[in-house]
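Work through the exercises below with the model open beside you. Try each task before you read its solution.

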Amino acid sequence: MIPRLIWTSIAIAAMLCGHMPCQAAIVLSFSTDSGASFTNAISTTVGDSVDVELYLRETAGENRLSNDGLIGFGTRAIIDPSFITIRDVTFNSLLFSDFSASSGVRIPSEFSIVGEALIGIDPKGSEILLGAFTVDTTAKGTSEIRFGDFDPRPNRADFAFNDALFTTFDKELFAIDPTIDAADRSRTHALTITAVPEPSSLSFLAILLFALTTLRKRGQDSFRICDRILNKASGDS
């Protein structure tokens with residue numbers, strides 16, 4: 001019985017890894033603390049601003065980025081502008097040059113970050129900073145920024161390793177299926193941003209809730225007093 005349970009657990013874990021990022025991979029990641037931690041969900045307050053850094057990062061024992069380094073990259077972000085705006089989009093100028101002068105906000109619902117390695121520099125490491133941008137929250141709600149391939153046309157790879165074959169891995173990052181449509185970004189890396197009311201609004205709501213609770217309690221006390229008076233009057237008569 002015990003061996004069967006063990007094998008069942010292994011089978012379940014293997015099945016889950018098929019649907020979750022258990023295997024080694026290189027992914028786009030987001031950080032708000034200079035790479036100390038990574039997240040794909042940010043909570044902020046209305047009227048506040050958050051500086052977000054975009055990294056290319058190895059996971060689960062992957063080492064191609066550390067061994068070969070990066071010679072170029074390009075990613076386009078599609079924005080849900082319902083509750084946020086984007087500004088100050090930059091690439092990491094210490095490691096890359098902007099090869100197409102397109103890093104920045106083009107329209108309110110889209111921006112891109114691109115670059116190629118500087119001459120004589122081969123950026124390597126388990127985490128490589130690609131660029132950064134600032135998110136301003138304009139109203140309460142949840143918005144999403146989805147990062148996909150900068151130029152998904154066939155034979156137009158942006159992300160490339162600096163190995164002997166100059167290996168490209170756009171399809172690995174974004175899972176584009178050329179048999180369906182070269183422009184079909186079937187996988188994107190998403191950052192979710194949730195804005196809550198600003199602190200002053202929260203304080204007002206807390207005061208209002210306290211007032212309503214107090215009034216309700218006083219109303220219940222008044223009802224009990226009246227009820228006792230009526231009951232006493234009925235008994236006296």
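**Exercise 1.** Find which residue of β3 stands opposite Ala 25, and state how strand β1 runs relative to β3.

*Solution.* Step one: go to Ala 25 in this predicted model. Its partner across the pairing is Thr 59 in β3. Step two: place the strands. Strand β1 covers residues 25–31, and strand β3 covers residues 49–59. Step three: check the direction. β1 and β3 run antiparallel, joined by 7 bridges.

**Exercise 2.** Identify the residue of β9 that stands opposite Arg 57, and give the number of bridges between β3 and β9.

*Solution.* Step one: locate Arg 57. It stands opposite Glu 127 in β9. Step two: trace strand β9, residues 127–137. β3 and β9 pair over 9 bridges, in the antiparallel sense. Step three: put the pairings together. β3 pairs with β9, and bridges also join β3 to β1.

**Exercise 3.** Decide whether strand β3 is largely enclosed or not, and explain why.

*Solution.* Step one: recall the cut-off. A residue counts as buried under 20% relative accessible area. Step two: apply it to the strand. Of the 11 residues of β3, 8 are buried, so the rest of the structure largely encloses this strand. Step three: set the chain beside it. Of its 237 residues, 34% count as buried.

**Exercise 4.** Name the residues with the most contacts inside the largest nonpolar core, then list some neighbours of Ile 145.

*Solution.* Step one: take the core. It has 32 residues, and those with the most contacts inside it are Leu 56, Phe 111, Leu 130, Phe 133 and Ile 145. Step two: follow Ile 145. Leaving aside residues up to four places away in sequence, Ile 145 touches residues including Ile 79, Ile 86, Phe 111, Phe 133, Val 135 and Leu 191.

**Exercise 5.** Describe the setting of Ser 143: which strand holds it, and is it buried or exposed?

*Solution.* Step one: find the strand. Ser 143 is in β10, residues 141–149. Step two: judge its cover. Ser 143 counts as buried because its relative accessibility is 2%. Step three: look at its contacts. Beyond four places in sequence, Ser 143 touches residues including Asp 80, Ser 82, Phe 83 and Thr 192. A polar atom of the Ser 143 side chain lies 3.2 Å from the backbone oxygen of Asp 80. Step four: compare sequence with space. Ser 143 and Ala 195 are 52 residues apart in sequence, yet their C-alpha atoms are 8.4 Å apart.

Notes: Residues numbered from 1 in each chain as written. Predicted model: local features only at pLDDT ≥ 70, side-chain atom pairs only at ≥ 80, totals over all residues. Heavy atoms only, no water. Buried < 20%, exposed > 50% of the residue type's maximum accessible area, 1.4 Å probe, protein only. Helix = DSSP H or I, 4+ residues; strand = E, 2+ residues; numbered from the N terminus. Pairing = 2+ DSSP bridges. Core = buried A, V, L, I, M, F, W, Y, C linked by side-chain atoms within 4.5 Å. Contact = heavy atoms within 4.5 Å. Polar contact = N/O pair within 3.5 Å; in protein donor to acceptor, adjacent residues only side chain to side chain.
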